[in-house]
Amino acid sequence: MKHLRKIRRAALAGAALIATLGAPVHAQGAAPNRPLSDEEVRARADALIAQMTPEEKAGQITQYFDFTNAAEESKRVTDEMAAARAGSLLFVNDPVELDRLQHIAVEKTRLKIPLLFGYDVIHGLRTIMPVPIAVAASWDPKVAEDGQTVAAAEARAVGLHWAFAPMVDIARDPRWGRIVEGAGEDPYLGAAMAAAQVRGFQGGYLGAPGHIIAGPKHFAGYGAALGGRDYDEVNLSDSELRNVYLKPFKAAVDAGAGNIMSAYMGLNGTPATGNRWLLTDVLRKSWGFKGFVVTDAGAAHDLMTHGFASDNQDAGVRALTAGVDMEMAPPFGISAFKTLPQSLAEGKITTAQLDDAVRRVLETKIRMGLFEKPYVDVKAAQRVLDDPAHRVTARIAAERTAVLLRNEGGLLPLDRKAVKSIAVIGPLADSARDTVGPWVFDQKDDETVTMLAGIKAKLGAGVRVDYSPGVTLPKRLHASIFETGPHAATARPQIDDTAEIQRAVGMANGADVTVLVLGEGWSMIGEQASRSSLDLPGRQQDLLNAVVATGKPVVVLLMSARPLDLKGSKPQALMDIWYPGSQGGAAVANLLFGEVSPGGKLPYNWPRNIGQIPLPYAHLTSFQPKTAEERYWNEPNSPLYPFGYGLSYSTFAFSNLKVGKAVVAPGEGVPVTVDLKNTGTRKADDVAQLYIHQQHGTAARPVRELKGFQRVTLAPGETRTVSFMLKPEDLTYWASSTRSFVQDETTFDVYVGDDSTASLTGTFDVRKP
């Protein structure tokens, strides 16, 4: 009876809206400052759906690229929008243009339904944060949440409503270029970062003021593409898919993500965008996802390319019936969802199927308050973009993401009083565009602090700072899709590498210390930026070897998002600074001179060379485990740096590990505590990491799995007890033999330390009473 009363109230509310407002379902006033009830939202959506033609419905679930620099295509898209055959646009970020387009949608179309504007807000809009893999290296979800809160505020202020982020794909092959957008190889760390980013983007609820819709992507398995080649097929066992690759998506859904983006590639033989098991059975039925699913660009149309759909109309039917709610139509191409009215007329889809997709999109627009407040306050937008607090957030994020890999003889931190001259060398040392990394479409060079600029500002006029680019970064063999049109970066200066290396060596010989800034340029990582090598591009290795050979103190800063092979070169200090964002140079200067101690940790195993990959730390125990590090006859099989590794300017010690219960029943939690002491002389951070290993059970389990972490700041000599709680779900896994999640009666090993090789250990048993 209660359920019937709800349905009746919803129907009456919808009827009242239609009677009161006629065609447009608009209210006046401010956007809602509270989460709207499901009943209220559905009533308003259904009132609109009742008035829509099939063509308007198909348009409402179609998203078009609007390339304002391509006049003919922009006019085509605007015409579709004005005819109510587009529900969303992407790739516009100018507040004036966004406002103009929204006025057309609201004032010129019959039902006056506002547009939903999406954009690739990956690690910032105007204020650029460190890239997502860097944020994962902070091992601090607050860094992720704070960064995306700033990104959301800037995006919403200019008129955007939706981010095509976070990317939560697990990446265990560093050849894959899009490793830069995710959290690395581990599902537990990835899940924590996914949930934090959703909270940052969306705030307390979908539609919260100053926030936007989070769109976790790419569902699912995209990071496991064969050979690390972008877009190639993915073949994953049930165990890998359930226990590793789906975990961050589930965390994002549980955090309330309003959107999910489907992936391009084929998953175990079925394209992800046409995979009903994935999009409906898992995402909606099993996980209870209530938001809307959008395809990646052209992925519905591409079902033909896969040999899955027979033609464009069939592609639209396949995508819709699999569980897609909105098509991101191919740029300059033909929308598959544009054919849905014809498919409806021919009985290939039902009205209910079409309406379900339309309803999810309309409900999102209603929750976002777009009917009440569709337009952009252009003057207010500029104030938000100029907020100096956003730059502070970016600087702190960059400081917390750096990972110190080597520090022989305690070279770092540098003594500002002792350093009278410094050589800053490398092709990335003074490149604003490279400092912010990929997925930045409106770069402000004058607002970006490069490594050279940060060091100069820190040292002032009293210290001589010499600079050389050292070598030229090579061009890509295959040009990047992001190096064309209005987003192309300024051409790199071309120099004589041999002569410049000699000049750089002279600078190093004449300086107290050299800072080498090496790595990959911004277009060498990201989408369509997979590599068959982990070597330093161009002649950077020659530059590195020559400068290290001087015997003078050398600090290498690696600007990259994947592990790189330095060919055995051992500079005195090595720090991975990733692509640190708008305030990268200021942050790195603070790190170099000890105002901040590095506390980041690696989010992946760092292989010795490319021949080892994939090399996940969480692998199964194999035959003859005692010789596991001898699998290659020519070198060790162990990583150069293990997952979770990172040095500090202080030292730490773990002790007094306590597993709270020796025996627990299935379904019970297990408390674990450990004492962490700063045994050094500097205030610094360490990350306490908890790993488990199940000794036996229904299936073999990895040698170690991360199940807890806490980043802790300690004063010299300070000890703190760090507490963890192993939850029942931490002890549960998918077993392929039973095709179900199981929790075994077994014995668990517990390890705690500051990387995945932690030696402090305990045990507990799971037994039925």
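This report covers one helix, a residue that packs against it, and one sheet in a predicted model.

**Helix H7 and its surroundings**

Helix H7 covers residues 141-158. At 1.5 Å a residue, its 18 residues should span 26 Å. The end C-alpha atoms are 26 Å apart, so the helix agrees with that expectation. Gly-159 follows H7, and its phi is positive, near 110°.

The buried residues of H7 include Val-143, Ala-144, Gly-147, Gln-148 and Val-150. Charged side chains are also on that list, among them Glu-154 and Arg-156. The cover over the buried residues of H7 includes the helices below.

| Covering helix | Residues |
|---|---|
| H5 | 95-108 |
| H6 | 132-137 |
| H8 | 187-202 |
| H15 | 378-385 |
| H16 | 388-401 |

**Gln-197**

Gln-197 lies in helix H8, one of the helices that cover H7. Is Gln-197 buried or exposed? Its relative accessible area is 9%, under the 20% cut-off, so Gln-197 is buried. Gln-197 touches Ala-144, Gln-148 and Pro-166, leaving aside residues up to four places away in sequence. Ala-144 and Gln-148 are both among the buried residues of H7.

**The five-stranded sheet**

An open sheet of 5 strands runs in the order S18-S26-S25-S20-S21. The pairing is mixed. Strands S18 (663-664) and S21 (705-714) each have a single partner strand, so one side of each has no neighbour in the sheet. Within the sheet order, S26 stands beside S25. Strand S25 (residues 746-753) and strand S26 (residues 760-766) pair antiparallel over 7 bridges. Val-752 stands opposite Leu-760 in S26.

How values were computed:
Residues numbered from 1 in each chain as written. Predicted model: local features only at pLDDT ≥ 70, side-chain atom pairs only at ≥ 80, totals over all residues. Heavy atoms only, no water. Pairing = 2+ DSSP bridges. Helix = DSSP H or I, 4+ residues; strand = E, 2+ residues; numbered from the N terminus. Expected span 1.5 Å × (residues − 1). Buried < 20%, exposed > 50% of the residue type's maximum accessible area, 1.4 Å probe, protein only. Contact = heavy atoms within 4.5 Å.
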